[in-house]
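Please open the model in your viewer and keep the selection tool at hand. The stops below each ask you to pick a few residues and then look at what surrounds them.

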Amino acid sequence: MTTPHGKVSAAALALLLTASASALGAGSAAAAGSTVQLPVLSTRLDADAACVAGSSVRATDLPWEQVSLQLTRTWPFASGAGVTVGVVDTGVSSSAPTLKGRVTAVGDAGTDCVGHGTFVAGLIGAAVADGVRFAGVAQQARILAVRGSDARGAVTAERVADGIRAAVDGGAKVVTVSAALAADTPALRSAVALAAKKDVLVIAAAVPDAPTTATSATDSPPARDYYPAADDGVLSVLDVDVDGKRPTGAYTTDSAAIAAPGDGVVGIGPAKNGHYIGSGASLAAGFVAGAAALVRSTHPDLTAAQTASLLRSSAYPADVPRLDPYAAVTSVLTGASAPAAAPASPVRLPADKAAGPLRRALWPASAGLAVIIAVVWLGLVLPRGRRLGWRPSRPDGAVVPEGSEAPGSTPDTATAVTAGVGGPGPTEG
């Protein structure tokens, strides 16, 4: 961007870094009262322009965007460690001091003539430098530098699609795309589909950084979709200012998923220890990519889609929900943001290895008991049965009906009493 949203003049490059801070729903911060003049970041360079040499001016006070994002509250809970973020842009300088040792480049993307890709990478993961309070969102995340443009910043759909694919193939779990193209292409859709298949979260600027035509200082171009942000599966990001509003004259869209700081934000350059000031949705996308790295490092079981859902559901309520990294990292995962539970395994009792030998040992004992029972039966029951003529015994006093004895048998004296014998006679009338 030649100027941030085309509205910063040479006389207006002053940034009141600690001016009355906007909480954007996150509280407030005290002002230190220091005004610093920072050079303006560009998105592309003319053919005859020299490469960006880096800034010597340092922003020493706390930038408003770090206050609004509550980063100092978030860092005790997450660092981005173990997550690689692909930056599809103008390249990322591997010699940038606050990124040194954490940049891996695809091809020649380890150099950055324009400086824009390094600026975005710094928003994602720049480390704290002595005497500077500016820092990236995920300071232990690794950066995968991928070209999505030519060396001067000119973009095409094919270059962006190739950059997304290279970032996915390079092991990135989060990919941020700075370009916002007017037309979709099969190559872009295919690259986004590959990322989804590989569980990589693609984050993209919902609109271009700077309008090239506007009818007046207060008019914005008509709302429309831009790509790859509007493709299915991409988390599209709008930029907001210190008051949580869209910058005057900015491009607009009706399909953005989330908003983040992107107007007058501080970032690093490709060399030296100084800083730049920049504006645009591509920078807002960098903040969201850093927050996604925090979430994926804290909740590694979340899928890319669940990570995007968590970032949105935890965002500060607004027409376009505003990013809240602290809420995203510390949220209790429920519903769509929670990882799917593993299918329940059937309960199996441990095998009793002693059961088999025990059963085998009981067989002889059972057989012996059966023999004892048989002997008792033969010794006691059988002789008694023979004495009784194999008839059941009768209790004392039982009367046997006449003729019921077996032929040739003699009635027992205790039971052979007939009716009327020894009893009272009949009653006389």
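Begin by selecting Asp184 and Arg189, whose side chains meet in a salt bridge with 3.2 Å from N to O. Keep in mind, at this stop and at every later one, that you are looking at a predicted model. Asp184 is partly exposed, with a relative accessible area of 24%, and Arg189 is partly exposed as well, at 41%.

From there, add Lys173, Asp199 and Arg296 to the selection, since salt bridges that share partners join these three into one network. Within this network, Lys173 pairs with Asp199, and the closest N and O atoms are 4.0 Å apart. Lys173 sits in the loop between helix 4 (157-169) and strand 6 (174-177), while Asp199 sits in the loop between helix 5 (186-197) and strand 7 (201-205), so the pair ties together parts that are 26 residues apart in sequence. Lys173 is partly exposed at 30% relative accessibility, and Asp199 is likewise partly exposed, at 25%.

Next, select Asp108 and Arg147, which form a salt bridge with 3.2 Å between the closest N and O atoms. This pair links distant parts of the chain, as Asp108 is in the loop between strand 4 and helix 3 and Arg147 belongs to strand 5 (residues 142-147), 39 residues apart. Are the two partners buried or exposed? Asp108 is exposed, with a relative accessible area of 51%, whereas Arg147, at 17%, counts as buried. The structure holds five salt bridges, and the pairs you have just visited are among them.

Now show the sulfur atoms of Cys51 and Cys113, which are joined by a disulfide with an S to S distance of 2.0 Å. If you turn the view along the S-S bond, you will be looking at a left-handed link, with -100° about that bond. Cys51 lies in the loop between strand 2 (35-37) and helix 1 (64-68), and Cys113 in the loop between strand 4 (103-105) and helix 3 (116-125), so the disulfide ties together parts that are 62 residues apart in sequence. Cys51 is partly exposed at 43% relative accessibility, but Cys113 is buried at 12%.

For the interior, which residues have the most contacts inside the largest nonpolar core? They are Val85, Ile143, Ile203, Leu235, Val288, Leu311 and Leu323, in a core of 63 residues. Colour helix 6 (residues 281-298) as well, because this helix gives the largest share of the core, eleven residues. Then centre the view on Ile203, whose contacts beyond four places in sequence include Val174, Val177, Leu235, Val288 and Ala292. Apart from this core lies another one, of 25 residues, with Val168, Ala172, Val175 and Ala195 among them.

Finally, zoom out to the whole chain, in which nine helices and eleven strands make up the secondary structure. Of the 429 residues, 46% are buried, and the accessible surface comes to about 21200 Å², with 57% of it belonging to carbon and sulfur atoms.

As a last step, colour the chain by pLDDT, which averages 80, with 68% of the residues scoring at least 70. Select residues 1-34, where pLDDT stays under 50 and the model has 93 contacts beyond four places in sequence. Then select residues 397-401, where the pLDDT is also below 50 and the stretch has four contacts beyond near neighbours in sequence.

Notes: Residues are numbered from 1 along each chain as its sequence is written. Side-chain values use heavy atoms; hydrogens and water are left out. pLDDT is the predictor's confidence in each residue, from 0 to 100. Contact means heavy atoms within 4.5 Å. A nonpolar core is a set of buried Ala, Val, Leu, Ile, Met, Phe, Trp, Tyr and Cys residues joined through side-chain atoms within 4.5 Å. Buried means under 20% relative accessible area, exposed over 50%, partly exposed in between (1.4 Å probe, protein chains only). Helices (H or I, at least four residues) and strands (E, at least two) are DSSP runs, numbered from the N terminus. Accessible areas come from the Shrake-Rupley method with a 1.4 Å probe; for residues, only the protein chains shown count as cover. A disulfide is a pair of cysteine sulfur atoms within 2.5 Å.
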